[in-house]
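Q: Please take a close look at a single part of this structure. Set that part in the context of the whole chain, and keep the account plain.

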Amino acid sequence: MQHIVQELTRVLNLLVTPRRLRHIYSCCSFARKLAKLHCINEERVTVACLAHDAFRDVSTSKLLKIARAYGIEPNGMELAHPVLLHGKIAAEYLKRRFKIEDREILEAVAAHTSGKPNMGEIAKIVFLADSLEETRVYEGVEDLRRLAEQDLDEAVIQTLRSKVCYAMKKEYLLLPETIEMWNWLLQNKRPKSVTVNDQDGVEGG
Ligand SMILES: [Fe+2]
Ligand SMILES: [Fe+2]
C-alpha cells in the first residue's frame, strides 16, 4: 500500500488547494490515531483519508464530465449540486487507478459526505476524522474528539446529530442517505428509539 500512499500524495499536490491539503493531512493524522485506539488497520484508513477529498476542488463541470466518463449516473440532487459527486468519483478513481477492490475503503471514500446506513469501521473513522480533525473549529468539537477516542459508535451518533442539527438550523438540504444513516445508527444502538409523533413539538397538536 506504500506506493499507493506515495502516488496519492503526488496527485493531491496537483488536484487540491493548500488549504484542502492541510485538511486532508490533518484528517489522516486524526484517523490514524482513532484507528490505533480502536484496533483498525491504519494503512487502509490512511488510503481512504488521503483519497476522500482528492476531487473536492475540481470544478462542477469537470466533476460532471468525470462522472460520465466513469459511468457514474448522477441522481437529481447530484445534478443540482455536482460537488456531492466528489466522494463517489474519488472511490472510482481508487478502483481504476490502483485496482483497489477493498469495499470498506471504497465505501468510506464514496460516502464520506452523505454518510450511509450499514457503514463499516473504516467509513466510520473517515466520517469522524472529516468532521473532527484538528483544523476544524466549532462549538463542541473538542468533546466530540474525546468521545471518538473512547467510543466510536457513540461518537458517530453525536457527530451526525451535530451535523444534522446544524443543517436544520441553516435550512440546508438533507441527503436521504444521511437520514437513513441516522435511523440505522439509532435502530442498532438504541433499539428503544421511537419515531417523531404527530403531536411532538407541535403546539396544541
Ligand atoms: Fe469531502
Ligand atoms: Fe474532507
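The part in question is helix 8, and the request concerns what covers the buried residues of helix 8.

A: The model is predicted. The answer begins with the whole protein, turns to helix 8, and then follows the elements around it.

The secondary structure of the protein consists of eleven helices and zero strands. Read from the N terminus, the order of elements is α-α-α-α-α-α-α-α-α-α-α. The radius of gyration is 17 Å, close to the 17 Å that the globule rule gives for 205 residues, so the protein is as compact as a globular protein of that length. Along the principal axes, the C-alpha atoms fill a box of roughly 60 × 40 × 30 Å. Buried residues account for 34% of the 205 residues. Of the contacts between residues at least 6 apart in sequence, 58% join residues at least 24 apart.

Helix 8 covers residues 121-132. At 1.5 Å a residue, its twelve residues should span 16 Å, and the C-alpha atoms at its ends are 16 Å apart, so the two values agree. The helix is mostly covered, with eleven of its twelve residues buried. The buried residues are Ile-122, Ala-123, Lys-124, Ile-125, Val-126, Phe-127, Leu-128, Ala-129, Asp-130, Ser-131 and Leu-132. An α-helix has 3.6 residues a turn, so residues three or four places apart point the same way. The cover over the buried residues of helix 8 includes helix 2, helix 3 (42-52), helix 7 (103-110), helix 9 (141-150) and helix 10 (152-169).

On the side of helix 2, one residue in contact with helix 8 can be named. Ala-35 lies in helix 2 and touches Ile-125, a buried residue of helix 8. Ala-35 has 21 other C-beta atoms within 10 Å and is therefore buried. Not counting residues up to four places away in sequence, Ala-35 also touches Ile-40, Asn-41, Glu-42 and Val-45. Its C-alpha atom is 24 Å from that of Phe-55, which lies 20 residues away along the chain.

Glu-42 belongs to helix 3. It counts as partly exposed because it has 17 C-beta neighbours inside 10 Å. Apart from its neighbours within four places in sequence, Glu-42 is in contact with Arg-32, Ala-35 and Lys-36. Arg-32 is ten residues from Glu-42 along the chain, and their C-alpha atoms are separated by 5.5 Å.

Cys-39 sits in the loop between helix 2 and helix 3. With 8 other C-beta atoms within 10 Å, Cys-39 is exposed. Its phi is positive, at about 55°, although Cys-39 is not a glycine. Most residues other than glycine have a negative phi.

The loop at the other end of helix 2 holds Thr-17, placed between helix 1 (2-15) and helix 2 (18-37). Thr-17 counts as exposed because it has 10 C-beta neighbours inside 10 Å. The C-alpha atoms of Thr-17 and Val-196 are separated by 42 Å, with their positions 179 residues apart along the chain.

Helix 7, also part of the cover over helix 8, has a partner of its own. The axes of helix 6 and helix 7 come within 7 Å and cross at roughly 150°. That angle makes helix 6 roughly antiparallel to helix 7. In this pair, Gly-87, Lys-88, Ala-90, Ala-91, Leu-94 and Lys-95 of helix 6 meet Ile-105, Leu-106, Val-109 and Ala-110 of helix 7. The loop between helix 6 (86-98) and helix 7 contains Lys-99. Lys-99 has a positive phi of about 55° although it is not a glycine, and it is exposed, with 8 other C-beta atoms within 10 Å.

Helix 9 and helix 10 are likewise included in the cover over helix 8. Their axes are 6 Å apart, and the two helices pack at an angle of about 155°. Helix 9 is therefore roughly antiparallel to helix 10. The crossing of helix 9 past helix 10 is left-handed. Leu-144, Leu-147 and Ala-148 of helix 9 make the contact with Leu-152, Glu-154, Ala-155, Gln-158, Thr-159 and Ser-162 of helix 10.

Terms used: Residues numbered from 1 in each chain as written. Chains lettered and ligands numbered in written order. Predicted model: local features only at pLDDT ≥ 70, side-chain atom pairs only at ≥ 80, totals over all residues. Helix = DSSP H or I, 4+ residues; strand = E, 2+ residues; numbered from the N terminus. Buried ≥ 20, exposed ≤ 12 C-beta atoms within 10 Å, placed from the backbone. Rg over C-alpha atoms; globule rule 2.2 N^0.38 Å. Contact = placed C-beta atoms within 7 Å. Expected span 1.5 Å × (residues − 1). Axes fitted to C-alpha atoms, helices over the stretch in contact; angles between N-to-C directions. Parallel < 35°, antiparallel > 145°, perpendicular 65-115°, else oblique. Left-handed = near helix turned anticlockwise from the far one by under 90°.
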